[in-house]
Amino acid sequence: MARQRSLTKERKMSILSDAQKRTDVAAKLYGAPAWLRSELKMGNPRRVEKLKIKAMTKSGEKVFQGAVVNDMNPYTIGIPHPYKGGIRYKCYASPKSMLDVLMVLARDMTYKCALFGLPFGGGKTCVNVDPLPLTSAERKYITQGLALEMLGANILGYDIYVPGPDMGTDEEIMKYFYLFCAKVNRIIHRPNIAAICTGKPVEFDGIPGRSDATSRGGLIIYSTMTERATETPTFTIQGAGNVGMNVFKLLSSPDFEVNGKVIAISDVSGGLYDPNGLNFGEINEHYTINRTFEGYNNARHVTKDEVLRYKTDALFSAAAEGLINKDNAADIETSTLVELGNAAVTDEAEQILEARGIKIIPDIFANAGGVIVSSFEFRINLGDVPHYVDRKDLKTWVHDELREIMKSTAENVREAQLKYKTNLRTAAYIIAQQQLEFVMKKRNA
Ligand code: NAD
């Protein structure tokens, strides 16, 4: 028990210290000024709001712990530049460990937005609850309770903080969130209520192309940053949620620009393996109904750890933070690890993987597709729609814009990597920090 406690403490410590170390490495390499380094110290976000969310469950009314972190926001002048970052429903051992993770994920959002030139600060929200056993009604009541708390704390609004979906949440949750805010708005009259959150269903003021945007963006980055080694590349996916399943869908789609054989996929309880390639249509249908791979008979059942060990061209890590760590890094057999899950790779694992010649495409670079398409949704909700959008199919426009932004940022990261002779993570951090420095200097001029 004591050993377990000290192990948990070690993990908690390392997510914040990893983030600080990565920040410092980049700042030192490009020569960031002292004032910026001081702004970038981890563990001191601009705003932390602890929430107590009351919701009716099947066993009566319960109170859930939650929190919102707003990290830093250099964009305070002119049109609304709110904090941006997803809502996650996930179980953490304590409110403190949830807060540590939120501070890191909010910082990731700050960097991600700066790297891709999106004028937002970084934020993140969590309700400390395991989403898997929740009924549809419980999901709705918890979401309404969350929205009420956030409105009450005045931490929500098109000009304050605009959340979207993340782990354990989806467009249905964002619909509940939006509809509740819209109802309350009959009393509070906040302007631009449609822009209060993103990731909403299309028919509820959302935008086509948001649900697979993180995966699509990650695959565009992957294909831009790597050479196609074989005619039919092989892939593995860690995580079978929104991001993992959409990666599986796109890789299995002959029309998409990156494809090949997905030979293994895992979720929190296990995985599937077929060296000849897994069948997306069948597995997706089974998984959508059952929320588990159990009972699927057309592939070999393996453990989630085994999934990481198959030799592939790329491993897409699309689950939770810290899952690629010193305990499994030596066993990973892939050429490229695409970090779609935020903070999925610990610093210790990164050292081991890089020493073994495995290329890592880091989270702030690989998984920005979601917030990029959310930024289009936000602009459209504000009425700030580029004049040519309605002349084209909106989904095609979203895909084209996303590809353009991804590819031009990939060019910038490649240049920074060459200039500073470093890995992709540090190169991406350097660009993000330089952008923050530029905007903050301009603001204070
Ligand atoms: P999700 O809740 O839809 O899915 C998470 C998946 O991970 C589930 O299938 C779960 O079973 C699996 N999982 C959990 N622990 C695992 C383990 N030990 N091994 C294998 N699988 C495991 O979440 P999501 O929205 O797909 O997000 C996944 C990651 O991508 C998160 O880190 C999230 O922060 C990040 N992300 C998501 C978005 C988005 O738009 N949804 C955007 C950017 C980043």
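Which polar backbone atom is 2.7 Å from an oxygen atom of the ligand? Select alanine 319: the atom belongs to its backbone. Keep in mind throughout that this is a predicted model.

**Stop 1: the ligand**

Stay on the ligand and add glycine 168 to the selection. A polar backbone atom of glycine 168 lies 2.8 Å from a ligand oxygen atom. Next select arginine 88, where the contact comes from the side chain: one of its polar atoms is 3.1 Å from an oxygen atom of the ligand. If your viewer can display surfaces, turn one on here. On its own the ligand has 830 Å² of accessible area, and the protein covers 87% of that.

**Stop 2: the shell around the ligand**

Now show the 24 residues around the ligand; those that come nearest are Asp166, Gly168, Val243, Ala319 and Asn342. Colour the shell by class, and you should find nine nonpolar, 10 polar and five charged residues. Then switch to a cartoon view and pick out helix 7 (242–251) and strand 7 (261–267), each of which supplies at least two residues of this shell.

Zoom out and colour residues 42–204 as domain 1 and residues 213–366 as domain 2. Both domains give residues to the shell, so the ligand lies between them.

**Stop 3: two residues with positive phi**

Most residues other than glycine have a negative phi. Two exceptions can be visited here.

Select alanine 343, in the loop between strand 11 (334–339) and helix 10 (347–355). Its phi is positive, about 55°, although the residue is not a glycine. Alanine 343 is buried, with a relative accessible area of 10%.

Then go to lysine 421, in the loop that runs between helix 13 (394–420) and helix 14 (424–444). Lysine 421 also has a positive phi, near 45°. Is this residue buried or exposed? Lysine 421 counts as exposed, at 74% relative accessibility.

**Stop 4: the cysteines**

A disulfide is a covalent bond between the sulfur atoms of two cysteines. How many disulfides are there in this model? The count comes to zero, with a cut-off of 2.5 Å between sulfur atoms.

Select cysteine 113 and cysteine 197 to see one case. The sulfur of cysteine 197 is the nearest cysteine sulfur to cysteine 113, yet it is 16 Å away. Cysteine 113 is buried, with a relative accessible area of 0%.

Finish at cysteine 181. Here too the nearest cysteine sulfur is that of cysteine 197, at 6.4 Å, and cysteine 181 is in no disulfide. Cysteine 181 is buried, at 1% relative accessible area.

Methods. Residues numbered from 1 in each chain as written. Predicted model: local features only at pLDDT ≥ 70, side-chain atom pairs only at ≥ 80, totals over all residues. Heavy atoms only, no water. Near = heavy atom within 4 Å. Polar contact = N/O pair within 3.5 Å; in protein donor to acceptor, adjacent residues only side chain to side chain. Areas by Shrake-Rupley, 256 points an atom, 1.4 Å probe, with all protein chains shown as cover. Helix = DSSP H or I, 4+ residues; strand = E, 2+ residues; numbered from the N terminus. Nonpolar A, V, L, I, M, F, W, Y, C, P; charged D, E, K, R; others polar. Domains from an automatic or database assignment. Buried < 20%, exposed > 50% of the residue type's maximum accessible area, 1.4 Å probe, protein only.
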